[in-house]
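Please look through the sequence and the model below before reading on. The paragraphs after it go from one part of the fold to the next.

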Amino acid sequence: MTDTPGTPPRKRLLIRTWGCQMNVYDSARMADVLAPLGYAPTEAAEDADMVILNTCHIREKATEKVFSDLGRLRETKVARGGQMIVAVAGCVAQAEGAEITARAPWVDIVLGPQSYHRLPEMVARASRAAGAVIETEFPVDGKFDHLPEQAAPQGVTAFLTVQEGCDKFCSFCVVPYTRGAEYSRPAAAVIAEAKRLVALGAREVTLLGQNVNAYHGEGPDGGDWSLARLLLALAEIPGLERLRYTTSHPRDMGDDLIAAHRDIPALMPFLHLPVQSGSDRILKAMNRGHNVADYLALIEKLRAARPDLALSSDFIAGHPGESDADHRATLKLIEDIGFASAFSFRYSARPGTPAAGMAGPVEEALADQRLQEIQALLRDQQYAFNRTRMGLDIPVLVTGPGRLPGQMAGRSPWLQPVHFVAPGDLTGRTVMVRVTVTNPNSLGGEIIAGQSPPVSERDAA
């Protein structure tokens, strides 16, 4: 490929991403920040002029996984005569920056999740520095104020970070230490970015935050906007058909946000609301700030507002001090509520968190057994929920071709993957599909004929 006169030389960028949707968003924005320097994406480390490992620190052994990847990158960098910039970004970089530079001196840049807007400056410094360029302090200037407006298209579905950080300090969680205090972007900036995403082809936008329903950004009128107020404004953007948000905390599920699920047609009937445990004793040890009764009452209010709401959650098996009775209480909570999907993990101690020093650690084998019981129950519930869609005509947002010839793939309002045969490329359209197949993790169906112009959820309602 020939470089255009007056533009930076063409260079190749590889970003490897672990962790949550927010890391996916951060990786996309890092690519946007580096694009003016001439960096274009590649999938192969051997071709890359720069490799960024965008890391997650939530699960155990995260640091060792990073060093394993760095060992392979060292060989690639040596083979290229050292002509490669290696960077470690994200939460592992924030928490383990000194260890990274000590154990992997071939790393050129270490940057925390609040500093990636400074990447062009760091790249320039790395080309001159004898050692690694490290940016892991929480900067005074917010990164969102310095990110370029121009962004690469994300596709039919897009992520948009509106809130970062967390002030809840759950005993097991490292997020407050790696992402910092809660920060909400101004509503006008969020709306402007959403409009740009729609102009680039997005029809569904998922609002992201470590504690997204704690959003309290400055509104255009100078007052604080809640997440519900922000969703209401976003729903008015022409061409933006669907809205979602994740991840939420039960303590910040206000009445206005519950009402938003009833009143905003674009807000999809799917909610991820982590509870972590069904035991009041363990919830207290986790410093969750709510009990089982609080959570059940919240679910009742949500289902009254939106009867077809699909619920998802997070569960931790084997938190320090967890007894057999505590575990049975978690299973009972899952049975009582019924989830459409969920994430579950064995407890892993994160250095520096209060839970890491708690008494009563649960043996790994027992924690694994409890996790398997939780996951088996959740799998059964997910499949049962999928089976309730059988025979229904549902609006499906088409995200692109399926894996088979002539097949298209899309999303249901409840976030299920849906596959169906279509007479052409329907990417970006919302079409009605009759569900004829239900699988544990997806749905299959037949497109309903005679759909022109495109059908939206509002029309289907």
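What follows describes sheets, helices and cores in turn. The model is a predicted one.

Begin with the strands that come early in the chain. Strand β1 covers residues 11–17, and L14 is part of it. L14 has a relative accessible area of 4% and is therefore buried, the cut-off being under 20%. Which residues is L14 in contact with, once neighbours within four places in sequence are set aside? They are T42, E43, A44, A45, A48, M50, V51 and I52. For one of these, V51, the separation from L14 is 37 residues in sequence, while the C-alpha atoms of the two are 4.8 Å apart in space.

V51 leads on to strand β3, which spans residues 50–55 and is joined to β4 by six bridges, the two strands running parallel. Within this pairing, N54 stands opposite A89 of β4. On β4 there is also a pairing with strand β5 (residues 109–111), again in the parallel sense, over three bridges. Here A89 has L111 of β5 as its bridge partner. A89 thus has a partner in β3 and a partner in β5. Strand β4 itself takes in residues 85–90, and six of its six residues are buried.

The next part is an open sheet. Three strands make it up, in the order β7-β10-β13, and their pairing is parallel. Its edges are β7 (157–161) and β13, each of which pairs on one side only. From one strand to the next the twist averages 25°. Between β7 and β10 there are five bridges in the parallel sense, and one residue pair in this arrangement is T161 with L208 of β10. Helix α1, residues 21–34, packs on the sheet and touches β7, β10 and β13, with its direction at about 90° to that of β7. Helix α6 lies across β7 and β10 and runs at about 160° to β7.

T206 gives a view from inside this sheet, as a residue of strand β10. Is T206 buried or exposed? T206 is buried, because its relative accessible area is 8% and the limit for buried is under 20%. Beyond four places in sequence, T206 is in contact with A158, F159, L160, R244, Y245 and T246.

One of those contacts, Y245, belongs to the nonpolar interior. The largest nonpolar core has 66 residues, and Y245 is among those with the most contacts inside it, together with L207, L230 and L234. Apart from this core lies another, of 24 residues, including Y25, M30, F144 and F159. Residues up to four places away in sequence aside, Y245 touches T206, L207, V212, L227, L231, M253, L257, H261, L267 and L271.

L227 and L231 bring in helix α7. Six of the eight residues of α7 are buried, and the helix is mostly covered. The buried ones are L227, A228, L230, L231, A233 and L234. What covers them includes α6 (187–199), β10 (204–208), β12 (224–226), β13 (242–246) and α8.

The packing of α7 with α8 can be described further. Two packed helices are described by the angle between their axes and by the distance between those axes. For α7 (residues 227–234) and α8 (residues 255–263), the angle is about 30° and the axes are 8 Å apart. α7 is therefore roughly parallel to α8, since angles under 35 degrees count as such. On the α7 side the contact is made by L227, A228 and L231, and on the α8 side by D256, L257 and A260. Sorted by class, the contact has five nonpolar residues, no polar ones and one charged residue.

Last comes a sheet of another form. Five strands close into a barrel, in the order β17-β18-β19-β21-β20, with mixed pairing. Neighbouring strands of this barrel are turned by 50° against each other on average, direction ignored. How many bridges join β17 to β20? Five do, and the two strands, β17 at residues 393–401 and β20 at residues 430–438, run antiparallel. Within this pair, I394 has V433 of β20 as its bridge partner.

Terms used:
Residues are numbered from 1 along each chain as its sequence is written. This is a predicted model: local features need pLDDT of at least 70, side-chain atom pairs count only at pLDDT 80 or more; totals for chains, interfaces and linings use all residues. Side-chain values use heavy atoms; hydrogens and water are left out. A nonpolar core is a set of buried Ala, Val, Leu, Ile, Met, Phe, Trp, Tyr and Cys residues joined through side-chain atoms within 4.5 Å. Buried means under 20% relative accessible area, exposed over 50%, partly exposed in between (1.4 Å probe, protein chains only). Contact means heavy atoms within 4.5 Å. Helices (H or I, at least four residues) and strands (E, at least two) are DSSP runs, numbered from the N terminus. Axes are lines fitted to C-alpha atoms, for helices over the stretch in contact, and angles run from 0 to 180 degrees between N-to-C directions. Angles under 35 degrees count as roughly parallel, over 145 as roughly antiparallel, 65 to 115 as roughly perpendicular and the rest as oblique. Ala, Val, Leu, Ile, Met, Phe, Trp, Tyr, Cys and Pro count as nonpolar, Asp, Glu, Lys and Arg as charged, and the others, Gly among them, as polar. Two strands pair if DSSP finds at least two bridges between them.
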